[in-house]
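Good morning, and thank you for joining. I would like to take you through one helix and the aromatic contacts of this structure.

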Amino acid sequence: MKIQRIHHVAYRCIDAKTTVDWYEKHLGMNFVLAIAEDKVPSTKAPDPYMHIFMDAGGGNVLAFFELPNSPAMGRDTNTPEWVQHIALKVDSVAELEAAKARLQAAGIDVIGITDHTIFKSIYFFDPNGHRLELAADVGTPEMYAKLDACKREMLDEWTRTKQAPKHAAWMHDGSHAA
């Protein structure tokens, strides 16, 4: 079996219409589909829901469920909020800078631009409390090749030690710019 692409990734939302409007307005994503049922198709449990689908580009879909009969949304409080996020690719650093300006003008708090050496990104939250990242790739083919060459060794070392391997320290110590 070979996975072709992400069909959709689904998260919960507080309000389906607010979510559609926000993603259309602030990220330019098209609303592509809505499905509503009184029973969950997989479990047959009686639990009405609205399932909305947003075009995330490249055949990828970001989906949300509004669940009016479930307890209020929460988050995994044992995981830092910076860990769980949805990262969306933009075309360039200029587009990233423009998005940051638009979001801030709309009153949305934005962290960054953060330089990750091979990409630059900004972070912010949607109206449901989901952390989003917009990222623009800036790495060179040589950088990606260096990372590819050491990925297994890094993973193996991490698995043994649970300490950050230094194989790609060049990404954060400034030596990549030398």
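Let me begin with a definition: a residue is called exposed when its relative accessible area is over 50%, and buried when that value is under 20%. Please also keep in mind that what you see is a predicted model.

With those terms in place, consider helix α1. It covers residues 16-27, which makes 12 residues. From its first C-alpha to its last, α1 reaches 16 Å, close to the 16 Å expected at 1.5 Å a residue.

Which residues of α1 are buried? They are A16, T19, V20, W22, Y23 and H26. Viewed down the axis of α1, these buried residues fall within an arc of 165°, so they line one face of the helix. K17 and K25, on the other side of α1, are exposed.

Now to the two ends of the helix. At the N-terminal end, D15 acts as the cap of α1, with a side-chain oxygen 3.3 Å from the backbone nitrogen of K17. K17 therefore appears twice in this account, as an exposed residue and as the partner of the capping side chain. Just after α1 comes G28, which takes a positive phi of about 65°.

I turn next to the aromatic rings. Searching the whole structure gives 4 aromatic pairs. One of them joins W22 and Y23: the ring centres are 5.0 Å apart and the planes stand at 70°, so this pair is edge-to-face. The relative accessibility of W22 is 11%, and W22 therefore counts as buried. For Y23 the value is 0%, so Y23 is buried as well.

Another edge-to-face pair is formed by Y49 and F65, with 5.4 Å from centre to centre and 65° between the planes. This pair links distant parts of the chain, since Y49 belongs to strand β3 (residues 46-55) and F65 to strand β4 (residues 61-66), 16 residues apart. Is each partner buried or partly exposed? Y49 is buried, at a relative accessible area of 10%, whereas F65 is partly exposed, at 25%.

What do the ring pairs link into a cluster? The members are W22, Y23, F64 and F124. Two of these names, W22 and Y23, we have already met among the buried residues of α1.

Finally, there is a contact between a charge and a ring. The charged end of K146 sits over the ring of W170, 4.5 Å from the ring centre.

Note on methods: Residues numbered from 1 in each chain as written. Predicted model: local features only at pLDDT ≥ 70, side-chain atom pairs only at ≥ 80, totals over all residues. Heavy atoms only, no water. Phe/Tyr/Trp six-rings, centres within 6.5 Å; stacked < 30°, edge-to-face > 60°. Buried < 20%, exposed > 50% of the residue type's maximum accessible area, 1.4 Å probe, protein only. Helix = DSSP H or I, 4+ residues; strand = E, 2+ residues; numbered from the N terminus. Lys NZ or Arg CZ within 6 Å of the ring centre and 35° of its normal. Expected span 1.5 Å × (residues − 1). Arc of directions from axis to C-beta. Polar contact = N/O pair within 3.5 Å; in protein donor to acceptor, adjacent residues only side chain to side chain.
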